[in-house]
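Grab a pencil and work through a few short exercises on a protein model. Try each task before you read its solution.

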Amino acid sequence: MIEIFIPVLFVCLNGNCNFMQSQFQYKTEAQCRVSVDNQKTRITEIAQQANQDKITLLEGTCVNAHVEDFKRKI
């Protein structure tokens, strides 16, 4: 078994709230945290560029999961 970390964001923009999950996973929580911070910055920039800077909530976390290491089975 290996442990992976998946970045997840929760964003509320103009009264609409959504979860956003990254398509990427990381082997360390530190790498995941960097990704979360980068994504939060990017979402804020996109909202400002679109004149939609009414972000009322922007939270991020890393969800960890233990998964089978399929590379070891091959």
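Below are five exercises, each with a worked solution.

Before you start, note that this is a predicted model, where local features need pLDDT of at least 70 and side-chain atom pairs count only at pLDDT 80 or more, while totals for chains, interfaces and linings use all residues. Residues are numbered from 1 along each chain as its sequence is written, and side-chain values use heavy atoms, with hydrogens and water left out.

**Exercise 1. The disulfides**

Find how many disulfides a search of the whole structure gives, and describe each.

Solution.
- Step 1: Start with the rule: a disulfide is a pair of cysteine sulfur atoms within 2.5 Å. In chemical terms, a disulfide is a covalent bond between the sulfur atoms of two cysteines.
- Step 2: Searching the whole structure turns up two disulfides.
- Step 3: One is made by Cys12 and Cys17, with sulfur atoms 2.1 Å apart. The angle about its S-S bond is 115°, and the link of Cys12 and Cys17 is right-handed.
- Step 4: Now check accessibility, where buried means under 20% relative accessible area, exposed over 50%, and partly exposed in between (1.4 Å probe, protein chains only). Cys12 is buried at 5%, whereas Cys17 is partly exposed at 40%.
- Step 5: The other disulfide joins Cys32 to Cys62, also with 2.1 Å from S to S. The torsion about the S-S bond of Cys32 and Cys62 is about -110°, so this disulfide is left-handed.
- Step 6: The Cys32 and Cys62 pair links distant parts of the chain, 30 residues apart: Cys32 sits in helix H1 (residues 29-49) and Cys62 in strand E3 (residues 55-67). Helices (H or I, at least four residues) and strands (E, at least two) are DSSP runs, numbered from the N terminus. Cys32 and Cys62 are both buried.
- Step 7: Number the bonded cysteines in sequence order and you get the pairing 1-2, 3-4.

**Exercise 2. The aromatic pair**

Phe10 and Phe19 form an aromatic pair; work out what kind it is.

Solution.
- Step 1: A pair of aromatic rings is described by the distance of the centres and the angle of the planes.
- Step 2: Rings of Phe, Tyr and Trp (its six-membered ring) pair if their centres lie within 6.5 Å; planes under 30 degrees apart count as stacked, over 60 as edge-to-face and the rest as tilted.
- Step 3: This rule gives a count of one aromatic pair. In it, the ring centres of Phe10 and Phe19 are 4.8 Å apart and the planes meet at 55°, which is a tilted pair.
- Step 4: Phe10 is partly exposed at 24% relative accessible area, while Phe19 is exposed at 65%.

**Exercise 3. A positive phi**

Asn14 has a phi near 50°. Where does Asn14 lie?

Solution.
- Step 1: Most residues other than glycine have a negative phi.
- Step 2: Asn14 has a positive phi and is a residue other than glycine.
- Step 3: Look at its place: Asn14 is in the loop between E1 and E2. Asn14 is also partly exposed, at 39% relative accessible area.

**Exercise 4. A serine in a loop**

Is Ser22 buried or exposed, and which backbone nitrogen does its side chain reach?

Solution.
- Step 1: Locate Ser22 in the loop between strand E2 (16-21) and H1.
- Step 2: Ser22 has a relative accessible area of 13%, so it is buried.
- Step 3: Its side chain reaches the backbone nitrogen of Phe24 at 3.0 Å.
- Step 4: Measure one more separation from C-alpha to C-alpha: Ser22 and Ile4 are 13 Å apart in space and 18 residues apart in sequence.

**Exercise 5. Along strand E1**

Place Ile2 and Ile6, and give a C-alpha separation for each.

Solution.
- Step 1: Ile2 belongs to strand E1, and so does Ile6.
- Step 2: Ile2 is partly exposed at 28% relative accessibility, but Ile6 is buried at 19%.
- Step 3: The C-alpha atoms of Ile2 and Phe70 are separated by 9.7 Å, with their positions 68 residues apart along the chain.
- Step 4: For Ile6 and Ala65, 59 residues apart along the chain, the C-alpha separation is 8.1 Å.

Note on methods
Polar contact = N/O pair within 3.5 Å; in protein donor to acceptor, adjacent residues only side chain to side chain.
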